[in-house]
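Me: I'm new to this one and would like to go through it with you. Could you show it to me first?

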Amino acid sequence: MTNGSRWARRGALVLLPMLAGCINTFRTGPVPGTDASQQVEVSLGETVLLDEERLAITFARVMEDARCPEGTQCVTAGNAMVGLVLHERGEATRMVQLNTHNNPRTVSHEGYVITVVDLRPQPRAGEEPSDSSVVRLHVVRG
């Protein structure tokens, strides 16, 4: 075996794991952990694990809720803002604030695109905000 072919074999052995990592970075298809619509619901204070625990999303808080209360008539639907903590492979890497109707509604993070679909329950006139809020998110690779 010549020195050149030995180096070529060593180079291939070093390059193979690097290529495998790149292939994993460019995954396609639905994100495991989401439903058929590529959506997931997260309760206030809870964390969901997605894509074989590569991505975790914590619904940290409702920052504001100025949506039109149920049973009333409003000129606009209003807006709610939620605070999410995005975790990549177990580390909290980013806190984001997203809206239900205003921009920003979407954030790109570590190869994922996360969009707020809605926040439930809808506020009711004359009642205190609910502690049982649930945010629905659309999560895709992108």
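Me: What makes β2 and β3 a hairpin?
Reply: In this predicted model, four residues lie between β2 and β3, and the two strands run antiparallel with four bridges. Strands count as paired once DSSP finds at least two bridges between them, so four bridges qualify. In the turn, Asp51 has a positive phi of about 55°. One bridge joins Thr47 to Thr58 of β3.

Me: How do you know which numbers and atoms count here?
Reply: Numbering starts from 1 along each chain as its sequence is written. Local features need pLDDT of at least 70, side-chain atom pairs need 80 or more, totals for chains, interfaces and linings use all residues, and side-chain values use heavy atoms, without hydrogens and water.

Me: Why is β2 called a strand?
Reply: A strand is a DSSP run of E with at least two residues (a helix is H or I, at least four), numbered from the N terminus. β2 covers residues 47–50, so β2 fits that definition. The chain has one helix and eight strands, with the helix coming ahead of the strands from the N terminus.

Me: Which residues of β2 are on the covered face?
Reply: Val48 and Leu50 are, while Thr47 and Leu49 lie on the uncovered one. In a regular strand, side chains alternate between the two faces of the sheet.

Me: What does Val139 touch?
Reply: Contact means heavy atoms within 4.5 Å. Leaving out residues up to four places away in sequence, Val139 touches ten residues' worth of neighbours including Leu50, Leu55 and Ile57.

Definitions and conventions. Buried < 20%, exposed > 50% of the residue type's maximum accessible area, 1.4 Å probe, protein only.
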